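Ready for some practice in reading a protein model? Work through the exercises below with the structure open beside you, and try each task before you read its solution.

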Amino acid sequence: MKSRISILIMLVLSLQSFSQQDTIQTYQFSLMEAIEFGLENNYQSQIAQKDVEIALQQKWEIIAQGLPQISAGIDYQNFLKQPVTLLPASAFDNTQSTVNIVEQYFDNVNRNDVPVNSPEGFIPVQFGTQQSVNATATWNQLIFDGSYIVGIQSVKTLLQISKNAKTKTDLEIKKGIINAYGNVLLAEESVEIFEKNLGNVEKNFNDTQKIFENGLTEQEDVEQLEITKLNLENDLARSRRMLDIAYDMLNISLGIPVEKNVVATDDLNELALKYFDLSLLSETIPVEENIDYRIAKNTAEAADIQVKLQQAKALPTLSAFVNYGYQGFSNDFTFLNGNQEYFGQSILGVSLNIPIFSSGMRSAKTQQRKLEYEQAMLDLKQTESQVKSDINSAKSEYQFSLDNYKNATKNLELSERIENKNQIKFFEGIASSFELSEAQRQLYTAQQNYLQAMLQVITAKVELENLLDTRTYTSDN
């Protein structure tokens, strides 16, 4: 019986474990896989893509304004109490006979509640039937409108603005993913190094503690190693917290909920070597192909379109319409009967609107748009200079990161040798615990500088690559 209960408990626990593993999805990405995934799933990337789709719909909206517009309507009216109109009696030859005819009319249509006695000299009359239906269809066509012509010319610019914004967003997302991915690798390396250093120091501490207990060393040596051990424990705990934060930031940059597990599969050192590219320092592009310049140019083009739009509002507009419909009348609701009579109607119309005088309002608006265009052109020139400066600065920063990486590599090798020699001397009684601690601190600093140098190579390169990137938006990218 006990064995059956034990088997049952094991089955339940295994099913619970399987259920938990099944519900927690884990993503594994190399850096390139992370970039590809993030560009498709990052929230900002999706929003920017929606902006492009909105611009495509706006493009057709602008074009459709000059195409035929057809509308239809049906009106039904039922006078619960028909209005009475007073006609002057002098308009009729025989007033008394006319009054008699009116009285007879009201009797026939059961309108006895309408007083026939009217003000002197007037005769009350009701026109039309109690119910009516009016169905019409209208064709509207814009013939000439300067604003529409400018709108058609602006379609390309409107669409290009959203496409360039999407390209800029993707470049920033790519940079954000690379930085977040690099910080994850940095945090993982830091945790690994601190764990290794802590293991070495704990071993040294335990060995020195035994030597002290045998009276072969001073207590200060033990305390000095204990201080180093406590500092490493704090650094390790902090690095583990930073690793959790780095993974959360990576999840956000990829568009993955933070509760999902993500694993970075690349190695920081190998990644830094891949990003070690001296040829990038000599690469140049026409400044007009830089994405920031293209966006500034779009802004200038949009400002120029606003000037033309204001000028076009001073031109006449010409439009035409054709209206066709049917009307039906009845005192009862017989509009669905086959013998109901309907009367046709049709109208052809042309409308010409000529702006003549606006008390200077149009001129003031046009001057405002011209000033805004001049501002946009100044901003374009400033952007051109800024892009050139940014490219030079990015190349300088990338060159520094490459040199710094080389120096950090040499410093790490030297610090490891110095620490190793001081550790041997310490246990041989030649070096003091203070000298060993100094050598260890120097090693730990060199290790962190080496990790930062690798990350700096990666981040500096992606910054330079973004400035030199000439990609344009397509549905494929």
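Buried means under 20% relative accessible area, exposed means over 50%, and partly exposed is anything in between. Keep in mind that you're looking at a predicted model.

**Exercise 1. A lysine and its partner**

Task: Find out whether K461 is buried or exposed, and which residue its side chain meets in a salt bridge.

Solution:
- Step 1. Start with the number for K461: its relative accessibility is 9%. The cut-off for buried is under 20%, so K461 counts as buried.
- Step 2. Now look for the partner. The side chain of K461 meets that of E465 in a salt bridge, with 3.6 Å from N to O.
- Step 3. Check where the two sit. Both are in helix α10 (residues 433-468), and because they're 4 residues apart, about one helical turn separates them.
- Step 4. Finish with E465, which has a relative accessible area of 22% and is therefore partly exposed.
- Step 5. There's a network to find too: salt bridges with shared partners join K168, E172, K175, D292 and E463.

**Exercise 2. Two more salt bridges**

Task: Work out how many residues apart E195 and R240 are, and do it again for K388 and E384.

Solution:
- Step 1. First, the general idea: side chains of opposite charge can pair when their charged atoms come close.
- Step 2. Take E195 and R240. They form a salt bridge, and their closest N and O atoms are 2.9 Å apart.
- Step 3. This pair links distant parts of the chain, with E195 in helix α5 (residues 146-213) and R240 in helix α6 (residues 219-254), 45 residues apart.
- Step 4. How open are they? E195 is at 37% relative accessibility, so it's partly exposed. R240 has 42%, so it's partly exposed as well.
- Step 5. Now K388 and E384, whose side chains form a salt bridge of 3.6 Å, N to O. Both residues lie in helix α9, 4 residues apart, or about one turn of the helix.
- Step 6. K388, at 43% relative accessible area, is partly exposed, and so is E384 at 25%.
- Step 7. For the whole model, the count comes to 17 salt bridges.

**Exercise 3. How α5 packs against its neighbours**

Task: Decide how α5 is oriented relative to α8, and then how α2 is oriented relative to α5.

Solution:
- Step 1. Read off the geometry for α5 and helix α8 (residues 291-312): the angle is about 160° and the axes are 9 Å apart.
- Step 2. Angles over 145 degrees count as roughly antiparallel, so α5 is roughly antiparallel to α8.
- Step 3. Note the handedness: α5 passes α8 in a left-handed crossing.
- Step 4. See who makes the contact. Among the residues are V150, I161 and L171 of α5, along with I295, I305 and L309 of α8. By class, this contact has 9 nonpolar, 9 polar and 5 charged residues.
- Step 5. Move on to helix α2 (residues 31-41) and α5, which pack at about 140° with their axes 9 Å apart. That angle makes α2 oblique to α5.
- Step 6. Here α2 passes α5 in a right-handed crossing.
- Step 7. On the α2 side you'll find L31, A34, I35, G38 and L39, and they meet D170, I173, K174, I177, I178 and Y181 in α5. By class, the contact of α2 with α5 has 8 nonpolar, 1 polar and 2 charged residues.

**Exercise 4. In and around α9**

Task: Sort S401, L371 and S359 into buried or exposed.

Solution:
- Step 1. S401 is in helix α9 (residues 361-427). Its relative accessible area is 0%, so S401 is buried.
- Step 2. Which residues does S401 touch, leaving aside its neighbours within four places in sequence? They are Q456, V457 and A460.
- Step 3. L371 is found in helix α9 too, but its relative accessible area is 51%, so L371 is exposed.
- Step 4. Compare sequence and space for L371 and V307: they're 64 residues apart in sequence, and 9.2 Å apart from C-alpha to C-alpha.
- Step 5. S359 lies in the loop between β8 (342-353) and α9. At 61% relative accessibility, S359 counts as exposed.
- Step 6. Take a look at the backbone as well. Most residues other than glycine have a negative phi. S359 isn't a glycine, yet its phi is positive, at about 60°.

Methods: Residues numbered from 1 in each chain as written. Predicted model: local features only at pLDDT ≥ 70, side-chain atom pairs only at ≥ 80, totals over all residues. Heavy atoms only, no water. Helix = DSSP H or I, 4+ residues; strand = E, 2+ residues; numbered from the N terminus. Buried < 20%, exposed > 50% of the residue type's maximum accessible area, 1.4 Å probe, protein only. Contact = heavy atoms within 4.5 Å. Salt bridge = Lys/Arg side-chain N within 4 Å of Asp/Glu carboxyl O. Axes fitted to C-alpha atoms, helices over the stretch in contact; angles between N-to-C directions. Parallel < 35°, antiparallel > 145°, perpendicular 65-115°, else oblique. Left-handed = near helix turned anticlockwise from the far one by under 90°. Nonpolar A, V, L, I, M, F, W, Y, C, P; charged D, E, K, R; others polar.
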